[in-house]
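Here is a briefing on one protein model with its ligand. It covers the binding site, the strand pairing and the unusual backbone angles.

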Amino acid sequence: MNIIKNLFKGNMNEEIGEYIIKNDHNLTISILELGGIITSIKIPKNNEIIDIVLGFDNYDNYFGKHPYFGAIIGRYANRIGNGTFCLEGKKYELKRNNGKNHLHGGIKGFDKVIWESETIIKKNEAQIILKYLSKDGEEGYPGNLQVYVTYTLTNNNELRISYKGETDKPTVVNLTNHSYFNLNGEGEADILGHFLTINGDYYTVVDENLIPTGEIKKIEGTALDFRKREKIGRRIKEAGGYDHNYVLNKTREELSLGAIAEGDKSGIIMEVYTTEPGLQFYTGNFLDGTLKGKKGNFYNKHYGFCLETQHFPDSPNKPEFPGVILLPGEVYTEETVYKFKWN
Ligand code: GLA
């Protein structure tokens with residue numbers, strides 16, 4: 001196990017860290033203190049290095065406009081309808097950055113802030129521990145929220161992402177990571193030939209603004225059915241591109257298998273385990289070929305997919321969904337593991 005730290009300059013000339021972690025099988029992951037962004041996941045396969053996440057070659061581009069490449073999302077991942085919610089009888093107004101809705105933590109979410117960091121190396125794993133204090137009132141949210149996100153790379157070829165949070169006032173929390181994967185290698189082509197299995201029988205129905213109506217429906221008989229290994233592209237047109245929250249099959253808040261994806265050309269497999277109740281499957285529908293990614297490649301529609309483990313969208317306004325309220329004295333903890341397999 002090995003960790004290297006590089007420094008680069010931010011907008012205000014401040015020094016920001018980039019970590020490169022490598023395990024004993026040469027699986028190499030790069031992470032920035034900016035937004036906790038995963039900038040690369042490099043898999044050594046047949047004397048080739050395959051980078052399986054979308055992003056940029058240049059640090060500067062991560063400060064510009066991009067669709068949350070690789071970033072930590074918070075304080076609330078996904079959408080909150082009308083950017084408002086009530087908590088203990090008080091109404092909170094959040095920043096609206098997606099039409100009239102609040103998306104991915106607002107205008108300056110956890111994806112755009114600089115995190116403090118420390119590292120731990122053990123025999124079979126190496127960790128980057130990121131820390132951020134989200135102040136009371138930030139983007140409209142109540143309470144000072146102290147957040148820790150730990151990225152652990154193991155010699156079992158797992159990337160474990162552990163989330164922890166504590167608040168001094170009642171608040172809502174829902175954290176995720178927004179990596180765009182292309183298991184055949186980023187920038188090469190779209191992900192429509194990939195195979196996918198999702199361990200979810202139900203999804204949350206949404207309105208035209210992607211806000212859940214509250215209804216939870218069976219995926220059986222629809223283009224959302226990935227209960228059996230299926231090509232992503234098979235029914236994607238019918239689905240209008242995937243941007244759906246699956247209700248994962250589980251009875252308790254335990255780490256369980258959420259999804260398995262497989263690059264049809266590379267044979268690289270990624271298993272996703274999570275403690276979360278939901279999984280947003282997003283197929284990069286808003287990528288439109290204007291973003292120049294690594295090696296000068298333009299990212300077209302469906303060039304990457306996200307498997308965002310999360311609580312359901314708009315849960316602060318849906319008391320019937322699993323709860324997202326964090327009270328003082330409680331500790332928010334969630335974990336997601338991406339396990340990579342190749343030969
Ligand atoms: C999430 C949302 C999508 C889109 C992307 C970012 O996955 O569900 O609708 O907003 O983030 O482009």
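Two strands count as paired if DSSP finds at least two bridges between them. Strands β8 and β9 meet that cut-off, because 4 bridges join them. The model is predicted. Its ligand occupies the largest pocket, and 9 of its strands form an open antiparallel sheet.

**Ligand site**

- The ligand has 13 residues around it. The closest are R79, H104, H178, D243 and E308.
- By class, this shell holds 7 nonpolar, 3 polar and 3 charged residues.
- The side chain of D243 places an N or O atom 2.4 Å from an oxygen atom of the ligand.
- For the side chain of E308, the corresponding distance from an N or O atom to a ligand oxygen is 2.7 Å.
- For the side chain of H104, an N or O atom lies 2.8 Å from an oxygen atom of the ligand. The protein covers 95% of the 300 Å² of accessible area that the ligand has on its own.
- D243, one of the closest residues to the ligand, falls within strand β21, which spans residues 243–247.
- R79, also among the closest, falls within β7 (79–80).

**The open sheet**

- Strands of a sheet pair through backbone hydrogen bonds, either parallel or antiparallel.
- Here the pairing is antiparallel, and the strand order is β11-β12-β13-β14-β27-β23-β22-β17-β20.
- The edges are β11 (116–121) and β20 (230–231). Each of these two strands pairs on one side only.
- Inside the sheet, β17 (residues 195–198) and β22 (residues 256–262) are antiparallel and share 4 bridges. T197 faces I260 of β22 across this pairing.

**Strands β1, β2 and β3**

- β1 (residues 2–9) runs antiparallel to β2 (residues 15–22), with 8 bridges between them. I4 sits opposite I20 in β2.
- The two strands make a hairpin with 5 residues between them. In its turn, N13 has a positive phi of about 70°.
- β2 also runs antiparallel to β3 (residues 28–32), through 5 bridges. E18 is opposite L32 in β3.
- The β2 and β3 hairpin likewise has 5 residues between its strands. N26 in that turn has a positive phi of about 70°.

**Strands β18, β19 and β21**

- β18 (residues 202–206) and β19 (residues 212–218) are antiparallel and joined by 4 bridges. The bridge partner of T204 in β19 is I216.
- They form a hairpin with 5 residues in between. L210 in the turn has a positive phi of about 65°.
- β18 pairs with β21 as well, in the antiparallel sense over 2 bridges. Y202 stands opposite V247 in β21.

**Strands β8 and β9**

- β8 (residues 84–87) and β9 (residues 90–93) run antiparallel. L87 is opposite K90 in β9.
- Their hairpin has 2 residues between the strands. E88 takes a positive phi near 50° there.

**Backbone exceptions**

- Most residues other than glycine have a negative phi, and most peptide bonds are trans.
- Which residue in the loop between β5 and β6 calls for a check of its phi? Y68 has a positive phi of about 65° although it is not a glycine. Y68 lies in the loop between β5 (48–51) and β6.
- Where is the peptide bond with omega near 5°? This bond runs from G74 to R75 and is cis.
- R75 belongs to the loop between β6 (72–73) and β7 (79–80).

Key. Residues numbered from 1 in each chain as written. Predicted model: local features only at pLDDT ≥ 70, side-chain atom pairs only at ≥ 80, totals over all residues. Heavy atoms only, no water. Near = heavy atom within 4 Å. Polar contact = N/O pair within 3.5 Å; in protein donor to acceptor, adjacent residues only side chain to side chain. Areas by Shrake-Rupley, 256 points an atom, 1.4 Å probe, with all protein chains shown as cover. 1 Å grid on protein atoms, 1.4 Å probe; cavity = no way out; pocket = protein on both sides within 12 Å on 5 of 7 lines; lining within 4 Å. Sits in = over half its atoms within 2 Å of the grid points. Nonpolar A, V, L, I, M, F, W, Y, C, P; charged D, E, K, R; others polar.
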